[in-house]
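Reader: I am in my first year and would like a close look at a single part of this structure, namely the place where the ligand sits. Could you take me through the surroundings of the ligand slowly, and then set a few other positions beside them?

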Amino acid sequence: MTRYEQTFRNDLFAGRTVLVTGAASGIGAAIAMAFRDHGARVIGTASSAEKATRLQVEGIEGHVCDVRSDEQSEALLNSLEALDVLVCGAGIARRVDEYQWPVFRDVMEVNLFGTARFALHARTLLATSRGSIITISSMLSTFGDRLVPAYAASKGGVTQLTKSLAIAFAEQGIRVNAIAPGWIITNMTQELVDDPVSGPSIANRTAAGRWGMPQEVANGALFLASPAASYITGATLTIDGGYSII
Ligand code: NDP
């Protein structure tokens, strides 16, 4: 796994506990390692024991947890004594297949309900720490895409959920923000990155002229969870190299 290049003070999150869902790969892994590199105790979810063990090796406390499961999600949160930051990173996209109802429902279950499940259940812990939640939305929360109707609907839901929770949780001092990444190189997008037409055409269509890296999304998560963002709640931070402004 790539190590995070440090920009912020390396003890920024010392003494803090951070939980990242979907920490075994891509954006979630980069976020988990960024918090680890800034002094936090980081707990990460993975889909298998093997992936959880790999997280342990990286200094992340790996737990097998399917965000579709109330039982597993609540058991993990109930096992924590404290929580300062929750990052809801778990997500799936099922190109084309999303027109099949069971697939559509599954995408909603992971992306939207998985985020809501963790955010709602973490409220009590976060109220104690006056902590914050970061959801991972997408630029597809504002665009449509004929290939991924469920993904786009779920991410629109994540952005709106973030705003409502920000209002409701503010009374307990909890901030809730979203990150909307653009095209980032991860397992989810590798096929497109490698495609000789789509790969370069996405890069060229982006103001920055290239795909983004997971660590560049992690930078935004560190900022949103830090005291520097103390007056930011209900916001969606776009990290897309300018893709959505063209
Ligand atoms: P990855 O496929 O690398 O990561 C997705 C993560 O979600 C994996 O760690 C996976 O775990 C986890 N996950 C999937 N299903 C479940 C489940 N049921 N329970 C628990 N965890 C689950 O892709 P990305 O890093 O790209 O995706 C991370 C987030 O970023 C997603 O929410 C995605 O929608 C979002 N995003 C990504 C963009 C991109 O361009 N890459 C753009 C915009 C948003 P495991 O591997 O263990 O199954």
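Author: What follows describes the ligand site first and then some positions elsewhere in the chain.

Please keep in mind throughout that this is a predicted model, and that the distances and areas below are computed from it. The ligand sits in the largest pocket, where 29 residues surround the ligand, the closest being Ser25, Ile27, Ser47, Tyr151 and Thr186. Two helices take part in this shell, since α1, which runs over residues 26–37, and α6, which runs over residues 149–169, each supply at least two of the residues around the ligand.

If you now look at individual atoms, you can pick out three places where an oxygen atom of the ligand meets an N or O atom of the protein. In threonine 186 the partner is an N or O atom of the side chain, at 2.6 Å from a ligand oxygen. In isoleucine 184, by contrast, the partner belongs to the backbone, and a distance of 2.9 Å separates this N or O atom from an oxygen atom of the ligand. Lysine 51 again uses its side chain, with an N or O atom there lying 3.0 Å from an oxygen atom of the ligand. Taken on its own, the ligand has 880 Å² of accessible area, and the protein covers 90% of it.

With the site described, we can turn to a residue in a strand. Threonine 17 lies in strand β1, which covers residues 17–21, and it counts as buried because its relative accessibility is 7%, whereas the limit for that word is under 20%. Beyond residues up to four places away in sequence, threonine 17 touches Arg41, Ile43, Ala82, Leu83, Asp84 and Val85.

Some loop positions complete the picture. Arginine 130, in the loop between α5 (123–129) and β5 (132–136), is exposed, because its relative accessible area is 59% and the word applies over 50%. The phi angle of arginine 130 is near 50°, a positive value in a residue other than glycine. Valine 96, placed in the loop between β4 (85–88) and α4 (101–121), likewise has a positive phi, near 65°.

Finally, alanine 207 lies in the loop between α8 (198–205) and α9 (214–225), and from C-alpha to C-alpha it is 27 Å from valine 96, with their positions 111 residues apart in sequence. Setting aside neighbours within four places in sequence, alanine 207 is in contact with Gly241, Gly242, Tyr243 and Ile246.

Methods
Residues numbered from 1 in each chain as written. Predicted model: local features only at pLDDT ≥ 70, side-chain atom pairs only at ≥ 80, totals over all residues. Heavy atoms only, no water. Helix = DSSP H or I, 4+ residues; strand = E, 2+ residues; numbered from the N terminus. Buried < 20%, exposed > 50% of the residue type's maximum accessible area, 1.4 Å probe, protein only. Contact = heavy atoms within 4.5 Å. Near = heavy atom within 4 Å. Polar contact = N/O pair within 3.5 Å; in protein donor to acceptor, adjacent residues only side chain to side chain. Areas by Shrake-Rupley, 256 points an atom, 1.4 Å probe, with all protein chains shown as cover. 1 Å grid on protein atoms, 1.4 Å probe; cavity = no way out; pocket = protein on both sides within 12 Å on 5 of 7 lines; lining within 4 Å. Sits in = over half its atoms within 2 Å of the grid points.
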